[in-house]
Amino acid sequence: MTTSTPSRNGATAPARTAIIFKPRQPFNWRRAGAWTLVVIALVVTIAPFLWMLRTALSSNHSLAANAGNLLPADFSWGAFKRVLGLQTPEEAIAEGGSGAAINFWWYLRSSIIVSTLITVGQVFFSSMAAYAFSRLRWPGREKVFALFLATMMVPPIFTALPNFLMIKNLGLLNTYAGIILPFLFMTPFAIFFLRQFFLSMSREVEEAAMLDGASKFRIYFKIVLPNAAAPLATLALLTFFGTWNEYFWPLLVGQDESVRVLTVGLGVFKSQSPQGAPDWSGLMAATLIAALPVLILFIAFGKKVVNSIGFSGIK
Amino acid sequence: MTTLTKQQRDPAGRAAGTKAGKTGSTRKQSLTHRMGDLRIAMVFIFPAMIGFVAFFLIPTIRGVYLSFTEYSILGDPTWIGIKNYTAIFADELFWNAMSVTLQYVALNIGFQTVIALGLALLMHRVAKSTFVRGALLLPFLVANVIVALLWFWMLDYQLGIVNEVISWLGGQRIAFFGSEQWAIPTIAFVNVWRHMGYTALLLFAGLQSIPSHVYEVASLDGASPTRTFWSITMPLLRPVMVLVLVVTVIGSFQVFDTVAVTTAGGPINASRVIQMYIYQKAFTESDFGYASALSVILFVILALVAFVQMKFLKGNESDLD
């Protein structure tokens with residue numbers, strides 16, 4: 001009975017005695033200060049995204065009068081409708097849009113095609129190369145790998161100009177092939193990333209399969225790839241994010257409406273707005289929708305991405 | 001498998017099988033051993049090799065070649081020796097682009113590193129949760145273009161929330177992207193916001209790798225937190241810090257997207273960074289030879305920066321060993 005009411009007879013309960021003899025912890029100012037800083041950092045990081053949403057849900061005409069209002073000014077879905085092409089040009093102009101429609105669905109389609117093909121190709125071909133660099137023995141292996149790695153140092157702008165000329169000479173300007181090809185087969189980073197993982201895999205299963213007479217191809221497809229599912233998925237995510245967000249290369253070779261990806265489309269949409277009255281609501285709605293796939297993937301697989309950063313950044 | 005072949009190559013093993021006929025097959029086997037999986041490896045590496053040769057190796061060589069030519073995409077490139085380079089050194093716009101880029105790099109890296117280090121320490125000490133790390137990483141995962149447009153709106157002179165707050169506090173509105181003096185600091189700030197969480201995560205990974213017993217010893221000796229930070233954390237974090245600095249400095253030398261979407265290099269030349277200048281030379285003035293020479297110079301600068309950083313900060317050595 002006494003133990004059930006420790007608040008009164010605390011000394012009899014062993015768990016309680018420990019607390020009684022421990023000096024009462026004073027309020028920890030350092031810790032509270034540190035947490036305050038963490039919260040400030042989170043607010044600084046998240047708030048702009050909320051502001052993006054708030055603007056997208058506002059009506060353009062009311063933005064000027066309510067610039068400091070935290071809630072949407074004159075709530076309206078108009079901006080989203082406008083971006084998704086569900087508004088007639090007249091309606092758009094009435095809502096403060098420029099009337100110049102953003103061909104959102106088409107750009108979205110281009111972005112999906114480009115990002116998916118590059119991700120699948122790059123991860124698959126890089127994994128094949130990584131397998132050759134880690135599990136197969138052949139003369140010159142380390143030298144060739146060093147050469148691959150060295151190209152990590154070459155800045156993208158440096159290869160972009162000659163690559164542009166080559167794509168142009170091949171007649172592939174403003175085609176999906178032109179946007180995709182330079183990234184389809186490999187990046188030094190992808191090979192390096194997977195090689196590190198393959199090196200750490202145990203040889204035993206592989207050797208057992210070899211004694212059973214399995215070919216290298218069989219081993220690669222049936223043993224190595226399934227065992228590397230986690231790093232392959234992480235690399236695929238990082239590649240997809242990178243390609244989805246790429247601006248420079250599609251700007252060079254994919255300017256045409258027919259193959260324009262979202263990032264390039266957003267840039268064009270922004271410059272279409274006359275200097276006097278930019279369609280801020282429409283622009284923010286468009287940027288928000290363009291960011292959506294990344295946000296969804298990140299919410300679904302965030303942990304994988306976050307945990308891989310320590311590795312991927314420090315090459 | 002490997003041990004078997006090694007035994008065959010062993011002089012003792014060979015000596016044992018020196019009877020007629022055996023030598024030939026041993027030699028053959030040692031040749032196959034030396035070649036190893038070469039043929040199968042070639043198959044596996046073939047697609048990557050196509051990509052490497054066609055889009056990395058040849059363009060690199062061609063880029064250097066083009067820098068010695070005059071080439072306006074229409075005709076053929078004509079060899080002009082080092083004329084592009086001598087022209088660049090007399091080019092005021094180039095020196096302007098260099099100085100603008102350097103200002104940007106200094107502001108961006110300075111603030112980013114200090115803020116990221118602070119965040120990394122905070123994460124290490126109080127908030128290790130994946131949620132906090134994930135939230136801080138968010139801006140980095142969103143496209144440069146989106147980040148640029150978002151801040152272009154928030155920093156708008158007329159309606160931007162930042163200027164609203166400034167004027168509410170009684171300050172003067174600032175034309176962040178529109179004034180020569182503010183353009184570069186603003187672009188640097190936007191990219192600090194985008195990258196601080198990412199850089200913090202890299203440094204956080206470095207902090208995690210410092211063994212805890214070092215800190216225990218320090219606290220037994222009665223070292224103050226400040227002392228611990230300067231005498232233990234910073235020196236032990238150095239190898240990671242050097243790598244992070246190399247990666248981020250090289251990245252920030254190549255800033256383009258943010259500039260292209262917001263100021264396009266203006267007002268006047270205030271934010272025309274080196275990559276913007278290369279882009280304009282090649283694609284608006286169609287001067288590919290000159291643009292190639294500019295990118296060779298950028299390449300050399302980046303290689304030097306990496307070399308100097310590794311050398312002076314002794315990135316390869318760890319105080320732990």
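In this predicted model, Asn191(B) touches Tyr104(B), Asn108(B), Gln112(B), Asn144(B), Val255(B) and Thr258(B), when residues up to four places away in sequence are not counted. Asn191(B) belongs to helix α10 of chain B, which covers residues 183-208. Its relative accessibility is 3%, and because buried means under 20%, Asn191(B) counts as buried.

A second residue of chain B may be read in the same manner. Thr233(B) is part of helix α12 of chain B, residues 225-253. With a relative accessibility of 5%, Thr233(B) also counts as buried. Leaving aside neighbours within four places in sequence, the contacts of Thr233(B) are Leu121(B), Leu207(B), Ile210(B), Tyr215(B) and Thr228(B). For one of these residues, Ile210(B), a separation is available: its C-alpha atom lies 7.9 Å from that of Thr233(B), while the two residues are 23 places apart along the chain.

The account now turns to chain A as a whole. Chain A contains 16 helices and 0 strands. Of its 315 residues, 50% are buried. Among the contacts in chain A between residues at least 6 apart in sequence, 70% join residues that are at least 24 apart. The accessible surface of this chain comes to about 15,100 Å², and carbon and sulfur atoms account for 66% of that surface.

Aromatic side chains offer another route through the model. Over all chains, a search of the whole structure finds 40 aromatic pairs. One of them is formed by Phe158(A) and Phe299(B), whose rings are tilted, with 5.0 Å from centre to centre and 55° between the planes. This pair crosses between chains: Phe158(A) lies in helix α8 of chain A, residues 156-169, and Phe299(B) lies in helix α15 of chain B, residues 288-312. Phe158(A) has a relative accessibility of 1% and therefore counts as buried.

Another tilted pair is formed by Tyr71(B) and Phe288(B), with ring centres 6.4 Å apart and planes at 55°. Tyr71(B) is located in the loop between β1 (69-70) and β2 (78-79) of chain B, whereas Phe288(B) is located in helix α15 of chain B, so the pair ties together parts that are 217 residues apart in sequence. Both Tyr71(B) and Phe288(B) are buried.

Aromatic residues also gather in a larger group. Phe124(A), Phe125(A), Tyr131(A), Phe185(A), Phe217(A), Tyr220(A), Phe221(A) and Phe44(B) form one aromatic cluster. Phe221(A), a member of this cluster, lies in helix α12 of chain A, residues 216-227. Phe221(A) counts as partly exposed because its relative accessibility is 43%, between the limits of 20% for buried and 50% for exposed. At the surface, Phe221(A) joins Phe124(A), Phe217(A) and Val43(B) in a nonpolar patch of about 330 Å².

Finally, charged side chains are placed over aromatic rings in both chains. In chain A, the charged end of Arg195(A) sits over the ring of Phe145(A), at 4.0 Å from the ring centre. In chain B, Lys281(B) lies over the face of Tyr290(B), 4.9 Å from the centre of the ring.

Definitions and conventions:
Residues numbered from 1 in each chain as written. Chains lettered and ligands numbered in written order. Predicted model: local features only at pLDDT ≥ 70, side-chain atom pairs only at ≥ 80, totals over all residues. Heavy atoms only, no water. Patch = residues over 30% accessible without salt bridge, like charges linked within 9 Å, V, L, I, M, F, W, Y side chains within 5 Å. Areas by Shrake-Rupley, 256 points an atom, 1.4 Å probe, with all protein chains shown as cover. Salt bridge = Lys/Arg side-chain N within 4 Å of Asp/Glu carboxyl O. Helix = DSSP H or I, 4+ residues; strand = E, 2+ residues; numbered from the N terminus. Buried < 20%, exposed > 50% of the residue type's maximum accessible area, 1.4 Å probe, protein only. Phe/Tyr/Trp six-rings, centres within 6.5 Å; stacked < 30°, edge-to-face > 60°. Lys NZ or Arg CZ within 6 Å of the ring centre and 35° of its normal. Contact = heavy atoms within 4.5 Å.
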